[in-house]
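Subject: Structure handover

Hello,

Please find the structure below, with the sequence alongside. My notes come after it.

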Amino acid sequence: MAILKLAPSFKDYIWGGRRLIEEYHKPYEGDILAESWEVSCHPDGPSFVTNGAYAGKTLQEYIDLAGREVLGTNCRRFDEFPVLIKFIDAKDNLSIQVHPDNAYALKYEHQYGKTEMWYVVDCEEGAYLYYGFNREVSKEEFAERIKNNTLLEVLNPVKVKKGDVLFIESGTIHAIGKNILIAEIQQNSNVTYRVYDYGRIGKDGKPRELHVEKALEVTRREPVRPRENCAPHVAACDYFVVDKLSAENEKLTGFVGKESFKSILVMEGEGEIVNGDEKMSFKKGDSLFLPADSGAYEISGTFEALATSEGAKKDPLRIGIDMGGTSIKIGVVNEKNEIIARTVLETRLDIAPEELIANMGKVTRKLLEDSNIPLDQCVGVGIGSPGTIDDENGVVIYSNNYAWENVPLRAELKKYLPLPIYINNDANCAMLGETAAGAAAGRKNVVFLTLGTGVGGGFLIDGKLFNGGLLGGTEFGHTVVQVGGVRCTCGREGCLESYASATGLIRMAREQMEKRPDSLLWKLCDGDKSKVNAELAFKASDEKDEAGILAVKEYMKYLAAGIANAINMFRPEVVVLGGGISNRGEKLAEKLNEMVKDECFGHTFVKPAKVVIATLKNDAGIIGAAALC
Ligand SMILES: [Zn+2]
Ligand SMILES: [Zn+2]
């Protein structure tokens with residue numbers, strides 16, 4: 001980890017001054033400097049790394065190269081860098097404006113809204129800004145006053161002094177007044193609705209564009225309500241937590257954990273920061289960036305600075321999508337891993353993948369709307385998809401069930417759900433579900449096997465889903481338990497899947513009944529061999545039918561061998577069985593525990609993992625997919 005010193009992008013808006021150049025050491029050649037974007041990944045004005053291995057890169061390039069971990073775990077819920085931090089030197093008045101909230105902006109602008117915070121770094125005596133209305137006004141009056149240029153009469157002018165903090169929640173009408181120098185920390189969004197611009201002419205000789213209609217929709221037409229005290233922070237909201245650092249010839253200490261990066265914007269004075277064996281001096285106007293997990297730091301000197309980091313989302317919700325062969329199950333999952341809202345969508349394979357994904361997105365948005373769940377309360381979407389997944393790029397490379405090839409699932413779904421989206425294999429998701437809230441709750445090392453048409457597997461190792469190093473994930477079902485055995489759908493001979501799947505059991509039952517014309521199985525399937533299924537095979541065995549007993553015995557032998565292999569390979573704390581075969585329940589688990597026990601290495605000294613039956617059934621996929629977030 002290394003401390004970064006960032007250099008800003010510059011904005012020369014017409015209302016700017018020269019203070020940032022003359023007093024804050026900004027290396028800017030032009031005459032007017034209105035804004036310097038000190039911590040920014042915004043394409044309209046990125047900030048740049050000036051030191052170390054990433055010197056010359058933009059902040060965004062640095063994040064991409066060093067890995068998103070530098071932002072910290074609290075930033076996982078954001079698709080993009082969450083904040084934009086600026087110095088603003090208003091020599092003249094800024095336009096009167098308003099920013100929409102997330103709900104409105106997501107619906108109409110396909111991006112997040114904006115909440116911002118101003119810290120008055122310096123101002124002239126008597127300087128003021130506008131902050132909300134001075135009384136409640138009707139929509140009609142608001143519109144009328146914009147039209148006849150009397151809006152300022154109903155706005156609330158606030159006289160400011162050095163050190164004042166104003167929190168501008170989305171929907172609050174506001175404007176920075178002249179002769180104020182501000183440090184602004186805002187949600188990284190660019191949706192601004194301008195309602196009044198003092199009749200000014202822009203650089204192109206035309207009046208600057210206004211967005212009156214939209215502003216009328218989103219503005220709270222009333223005085224600003226007092227906010228809850230967020231001490232000891234200067235400001236704290238879903239998008240930023242800001243603290244003031246102030247020292248007079250002294251040493252401050254702090255810590256940057258793995259939860260969040262820390263930005264330090266120096267407003268006054270100078271000093272030195274030490275982190276590990278690294279030392280960096282700073283002065284007024286500098287912007288420092290400490291990556292998450294930098295650890296303890298010390299700052300000494302005489303200075304004033306703002307430290308910005310990301311807090312955790314309160315009561316976060318996650319969306320889980322379980323893509324099955326006949327239906328797609330969608331649920332909203334809370335922190336306790338309870339599904340608080342759910343819906344189902346038919347898996348239509350007669351339409352284009354893009355169309356099916358669009359349906360998934362629309363149905364999810366409707367579920368949230370109908371359940372009164374704001375989209376911004378959700379921190380991510382997890383999807384369990386059949387087939388081979390490229391999670392990094394969000395692509396389903398191949399799915400036999402869906403007949404999909406190279407479908408950009410994430411990019412398509414993002415059009416409807418602008419949240420971080422994680423995709424993994426459905427068997428892995430079922431395993432994560434059982435680990436989060438089912439038969440393996442609280443375990444750190446888990447083997448999960450689905451015994452259905454095929455055999456799927458998922459592995460939790462040291463608390464983490466094991467994805468392997470290359471694309472495609474693990475395929476435990478396609479490990480061989482009988483060299484030269486039955487040919488598997490994958491082409492190999494003797495795969496576990498050919499023996500321990502329901503398909504395998506059905507084959508064994510048919511073989512046995514063919515040798516025994518008097519077998520009960522013939523009666524159970526009305527003389528039609530194609531009607532034999534796993535349930536009937538178990539039934540025949542329960543009723544002491546010889547063919548049934550022999551088939552189940554053979555089946556159990558291979559299944560037990562596969563489970564013992566997994567135990568010897570991974571030394572899990574528990575083996576969970578899901579899929580159709582697991583409907584047999586405790587009887588199956590009991591028998592397997594008995595059989596597996598002696599096959600596990602060192603079983604005379606160490607108790608091997610217990611085989612248990614999955615408990616979440618149909619909900620495992622949703623809860624497990626949500627656990628990807
Ligand atoms: Zn604003
Ligand atoms: Zn195979």
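What follows is a summary of the findings, from the overall picture to the two metal sites, the cysteines, the helix packing and some backbone details.

Please keep in mind that this is a predicted model.

Overall picture

The protein has 629 residues, and 54% of them count as buried. Its secondary structure comes to 15 helices and 32 strands. Along the principal axes, the C-alpha atoms fill a box of roughly 105 × 60 × 40 Å. Among contacts with a separation of 6 or more, 69% are between residues 24 or more positions apart.

First zinc site

Ligand 1 is a zinc ion, and its protein donors are Gln 97 (OE1), His 99 (NE2), Glu 116 (OE) and His 174 (NE2). These donors lie 2.1 to 2.5 Å from the ion. Along the chain they follow the spacing Q-x1-H-x16-E-x57-H. Glu 116 belongs to strand β7 (residues 116-123) and His 174 to strand β11 (residues 174-175), so this pair ties together parts that are 58 residues apart in sequence. Glu 116 and His 174 are both buried. The angles among the four donor atoms run from 84 to 164°, and the site is irregular.

Second zinc site

Ligand 2 is also a zinc ion, with His 478 (ND1), Cys 488 (SG), Cys 490 (SG) and Cys 495 (SG) as its protein donors. They lie 1.9 to 2.4 Å from the ion. What is the geometry of the site of ligand 2? With angles of 102 to 123° among the four donor atoms, it is tetrahedral. The spacing of the donors along the chain is H-x9-C-x1-C-x4-C. His 478 and Cys 488 both lie in the loop between β30 (464-465) and α9 (496-500), so the pair ties together parts that are 10 residues apart in sequence. His 478 is buried, its relative accessible area being 18%. Cys 488 is buried too, at 7%.

Cysteines

How many disulfides does the structure hold? The number is zero. Cys 75 is in no disulfide, and the nearest cysteine sulfur to it, that of Cys 41, is 10 Å away. Cys 75 has a relative accessibility of 1% and therefore counts as buried, the cut-off being under 20%. Cys 429 is in no disulfide either; for this residue the nearest cysteine sulfur is that of Cys 629, at 9.7 Å. Cys 429 counts as buried, with 1% relative accessibility.

Helix packing

Two helix pairs are worth pointing out, and α13 takes part in each. In one of them, helix α12 (residues 534-542) meets helix α13 (residues 546-570), with axes that come within 7 Å and cross at roughly 115°. This crossing is left-handed. On the α12 side the contacts come from Ala 537, Phe 538, Ala 540 and Ser 541, and on the α13 side from Gly 548, Ile 549, Val 552 and Tyr 555.

In the other pair, helix α10 (residues 502-515) packs with α13 at an angle of about 145°, and the axes are 8 Å apart. Here the crossing is right-handed. The residues of α10 that meet α13 are Leu 505, Met 508, Ala 509, Gln 512 and Met 513. Their partners in α13 include Ala 547, Leu 550, Ala 551 and Tyr 558. Val 552 and Tyr 555 of α13 meet α12 and also meet α10.

Backbone details

The peptide bond that joins Ala 231 and Pro 232 is cis, with omega at about 10°. Pro 232 sits in the loop between α5 (212-218) and β14 (235-236).

Asn 149 is not a glycine, yet it has a positive phi of about 60°. This residue is in the loop between α4 (139-147) and β9 (155-159). Asn 149 is exposed, with a relative accessible area of 52%.

Ala 403 is not a glycine either, and its phi is positive, at about 55°. Ala 403 is placed in the loop between β25 (395-399) and β26 (404-407). At 68% relative accessibility, Ala 403 counts as exposed.

Regards

How values were computed:
Residues are numbered from 1 along each chain as its sequence is written. Chains are lettered from A and ligands numbered from 1 in the order in which they are written. This is a predicted model: local features need pLDDT of at least 70, side-chain atom pairs count only at pLDDT 80 or more; totals for chains, interfaces and linings use all residues. Side-chain values use heavy atoms; hydrogens and water are left out. Donors are N, O and S atoms within 2.8 Å of the metal (3.2 Å for Na, K and Ca); water is not among the atoms, so sites may look incomplete. Four donors count as tetrahedral if all angles lie between 85 and 135 degrees; four count as square planar and six as octahedral if opposite donors are over 155 degrees apart and all others between 65 and 115; anything else is irregular. Helices (H or I, at least four residues) and strands (E, at least two) are DSSP runs, numbered from the N terminus. Buried means under 20% relative accessible area, exposed over 50%, partly exposed in between (1.4 Å probe, protein chains only). A disulfide is a pair of cysteine sulfur atoms within 2.5 Å. Axes are lines fitted to C-alpha atoms, for helices over the stretch in contact, and angles run from 0 to 180 degrees between N-to-C directions. A crossing is left-handed if the near helix is turned anticlockwise from the far one by less than a right angle, and right-handed if clockwise. Contact means heavy atoms within 4.5 Å.
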